[in-house]
Amino acid sequence: MSEFKYKFQMYRHLQANIANIYAEARKAADEIGIPKEIRGKFGLTGAISGCPAPLRRDIIEASEKGATEVIPLARLVDEIREIVKDVYGDEYDAAPTSTCEAALWVTFDALFTPPMMGRGDNYRARYIAPYEKHMHHQASYGRPFPGWFKDYLADRGCTAGELGFYGKRQNNLDVIIVPLPGARYDVHGIKYHPVPLLTEVEPHAAREKIKSVAEIHAPMLTGITSLGYDTPGYGYGVKDDNGTPVLQKILAEIAHQYDIPYVVDNAWGLPFVGHDPRKTGADVVVYSMDKATGAATSGLIIGKEQYMVPIRRALGMHGDRYGTTASYGKAAYVTFDPGKEALLTQIQALKVLRDRPEVLTRPVDDLEKIVTEEFDKLPAKLRAGITINKSYNSAAVEVNYEGTWKNGKLGIPVFSIEDMYAGTNIFQSGLSQMGIIPTIAYDANIFISPGLGTTDEEGMLKEKEARYAIQGLVRLIEIVCKYAGII
């Protein structure tokens, strides 16, 4: 394959050869020896809500036992609160939700948006969001500022119009998007779009930039948000002596200077084991409990009590939920109730994280070893620009390949999040051709975690199946790079 002078030429060539790439991917799956009976039934992560991992045996047993008993939901919610307080202290509280997105929605509406009732015109409010990955979650609830970000969500997703991503915007709320110093926002992909490349983020320079932005918008500022991840590919590679991402501490510091909350979206994260709000200073952290944590589909909000009161009130949980004077059923977001079975699984998952965290961390250690071994088989030209990092917060292994793009040379193709939604991310669609369910693999960053047919009933890694999945990914990278003219 000939080398290309410009990026768009490379991506155009890849698009023209998708059928050929798919054919080679299917052949590679046979050469690797992926058994026919597991194809389409295993994959690179069990932490995708659209295809969650099978539940561990202890989670299933807890759910089945509780399902046969008469248990007021208030008792289950209070048990979750007690476990959270066991770990973080009495000044923290919790509220379960139906999903992580529901947790973000009610948190932003309770803490960031202006009041709608009473006389007079509503004022506008603004929150700050660093320009990072997954912006369609934490940065999509306000009208973008400055204006050149008006289409940063582009057409991702398959629901158009007012019920699409733009329809998530909350009343009289703006989001101030702040590019991070040291980051690059190059344009990549078959669905050509800016991608955040964050391994070189400079947190101390970010402090000065975000502080200056906050000063400009101070009269309208109601909150700051960011992701809660802890790896270089997400911009959080610089850590203090305790292993806490410096940028998150800085965001909390700025928020508290203005007496506003710092809300962390830690969807792909573990309570207790991962992001620690006591160390970062975060006021509220939201989780997708079916991703890394291993509960049934649901979300969880953990935060300081002063901020949890309005959130719990909005959810209809701030009072007894049966038989007495209660708020239950009388609140805007009672529709986000996760239900009895999800609560039962959350309780068991949180108990394990509190008492036996190795159930979640040991498979990550084992997976990291396999990922490192298999990626070492890539041609030296590619391997030199790849970094591999382990994250207990996300119970995952991060493979980042920003470093393959150096000195004006084209590197391993980078697919945008628009590619993921458009079906043109070949690192995802190509894996499907191999019978491997893909993972998050855009913006030059691949997050791999156990669980999807690669762990047993106890949650321990099954090496053979995990290795098949990683081998398939490595072979697909080689195939795509051949058509990209890189090797």
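## Exercises on a predicted model

Ala 314 is buried, its relative accessible area being 17%. The structure is a predicted model, and the exercises below start from this residue.

**Exercise 1.** Determine where Ala 314 lies and which residues it is in contact with, leaving aside its neighbours within four places in sequence.

*Solution.*
Step 1. Ala 314 belongs to helix H10, which covers residues 305-314.
Step 2. Buried means under 20% relative accessible area, and Ala 314 has 17%, so Ala 314 counts as buried.
Step 3. With neighbours within four places in sequence set aside, the contacts of Ala 314 are Val 106, Ala 331, Ala 332, Tyr 333 and Val 334.
Step 4. Val 84 is 230 residues from Ala 314 along the chain, and the two C-alpha atoms are separated by 20 Å.

**Exercise 2.** Locate Val 334 and classify it as buried, partly exposed or exposed.

*Solution.*
Step 1. Val 334 sits in the loop between H10 and helix H11 (340-355).
Step 2. Its relative accessibility is 21%. The range for partly exposed runs between the 20% limit for buried and the 50% limit for exposed, so Val 334 is partly exposed.
Step 3. From Val 334 to Met 317 there are 17 residues in sequence and 8.0 Å in space, C-alpha to C-alpha.

**Exercise 3.** Check the span of helix H7 (residues 203-217), then find where its buried residues lie around the axis.

*Solution.*
Step 1. H7 has 15 residues; at 1.5 Å a residue the helix should span 21 Å. The expected span uses one less than the number of residues. The end C-alpha atoms of H7 are 21 Å apart, which agrees.
Step 2. Buried in H7 are Pro 203, Ala 206, Arg 207, Ile 210, Val 213, Ala 214 and His 217. These residues cover an arc of only 140 degrees around the axis, so they are on the same side of H7.
Step 3. An α-helix has 3.6 residues a turn, so residues three or four places apart point the same way.
Step 4. Glu 215 and Ile 216 are exposed on the other side of H7.
Step 5. The partners of the buried residues of H7 are strands E3 (125-130), E4 (143-145), E5 (173-178) and E8 (221-227), together with helix H8 (246-257).

**Exercise 4.** Describe how helix H15 (residues 426-433) crosses helix H16 (residues 463-483).

*Solution.*
Step 1. The two axes come within 10 Å and cross at roughly 120 degrees.
Step 2. This angle makes H15 oblique to H16.
Step 3. The crossing of H15 past H16 is right-handed.
Step 4. H15 contributes Ile 426, Phe 427, Gly 430 and Leu 431 to the contact, and H16 contributes Gly 472, Leu 473, Leu 476, Ile 477 and Val 480.

Note on methods
Residues are numbered from 1 along each chain as its sequence is written. This is a predicted model: local features need pLDDT of at least 70, side-chain atom pairs count only at pLDDT 80 or more; totals for chains, interfaces and linings use all residues. Side-chain values use heavy atoms; hydrogens and water are left out. Helices (H or I, at least four residues) and strands (E, at least two) are DSSP runs, numbered from the N terminus. Buried means under 20% relative accessible area, exposed over 50%, partly exposed in between (1.4 Å probe, protein chains only). The arc is that of the directions from the helix axis to the C-beta atoms. Contact means heavy atoms within 4.5 Å. Axes are lines fitted to C-alpha atoms, for helices over the stretch in contact, and angles run from 0 to 180 degrees between N-to-C directions. Angles under 35 degrees count as roughly parallel, over 145 as roughly antiparallel, 65 to 115 as roughly perpendicular and the rest as oblique. A crossing is left-handed if the near helix is turned anticlockwise from the far one by less than a right angle, and right-handed if clockwise.
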